[in-house]
Amino acid sequence: MIILKIEQEHNIFKQNISGTYGEYDLIIEPEITLAQALCGFQKIIEHLDGRKILIEYKAGCVISDGTIKIMEGEGRPYKDVIGQKGNLIVKFHVLYPSKH
């Protein structure tokens, strides 16, 4: 018997295959505008299980390109521990205006 496992990448969520974070952590890399990086923002994303999650930065907290926010308990469920989940790693990419 041959079992073939095919995994398809998700367009928003990534698994931690690099080993940088925990085994059950999920990674997202949202793009934000320079105005959002300087003035704060609220963004709602839909998690893999359908829940809505609020990602928020208040005005006065400047975000630079590559800033990482860790949302504890919002990652993948542990396979051996009921009710425990990894973290959601949010790595921001700031979109800068183009020069004309």
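**Questions on a predicted model**

Me: What share of the 100 residues in the chain is buried?
Reply: This is a predicted model. Residues count as buried under 20% relative accessible area. In this chain of 100 residues, the buried share is 28%.

Me: In what pattern do the helix and strands follow along the sequence?
Reply: The chain contains 1 helix and 8 strands. Read along the sequence, they give the pattern β-β-β-α-β-β-β-β-β.

Me: Which strand supplies the largest share of the largest nonpolar core?
Reply: The largest nonpolar core has 15 residues, and among those touching the most other members are Ile32, Phe41, Ile55 and Leu88. At least two residues of this core come from each of β2 (26–28), β4 (41–46), β5 and β7 (88–91). The largest share, 3 residues, comes from β5.

Me: Is Thr67 buried or exposed?
Reply: Thr67 lies in the loop between β5 (52–57) and β6 (68–71). A residue is buried under 20% relative accessible area. Thr67 has 18% relative accessibility, so Thr67 is buried.

Me: Which residue's backbone oxygen does the side chain of Thr67 reach?
Reply: Leaving out residues up to four places away in sequence, Thr67 touches Tyr57, Val90, Lys91 and Phe92. Val90 and Phe92 are also listed among the core residues that touch the most other members. The side chain of Thr67 also reaches a backbone oxygen at 2.7 Å, that of Ser64.

Me: What percentage of the accessible surface belongs to carbon and sulfur atoms?
Reply: The accessible surface of the chain is about 7500 Å². The part belonging to carbon and sulfur atoms is 54%.

How values were computed: Residues numbered from 1 in each chain as written. Predicted model: local features only at pLDDT ≥ 70, side-chain atom pairs only at ≥ 80, totals over all residues. Heavy atoms only, no water. Helix = DSSP H or I, 4+ residues; strand = E, 2+ residues; numbered from the N terminus. Buried < 20%, exposed > 50% of the residue type's maximum accessible area, 1.4 Å probe, protein only. Areas by Shrake-Rupley, 256 points an atom, 1.4 Å probe, with all protein chains shown as cover. Polar contact = N/O pair within 3.5 Å; in protein donor to acceptor, adjacent residues only side chain to side chain. Contact = heavy atoms within 4.5 Å. Core = buried A, V, L, I, M, F, W, Y, C linked by side-chain atoms within 4.5 Å.
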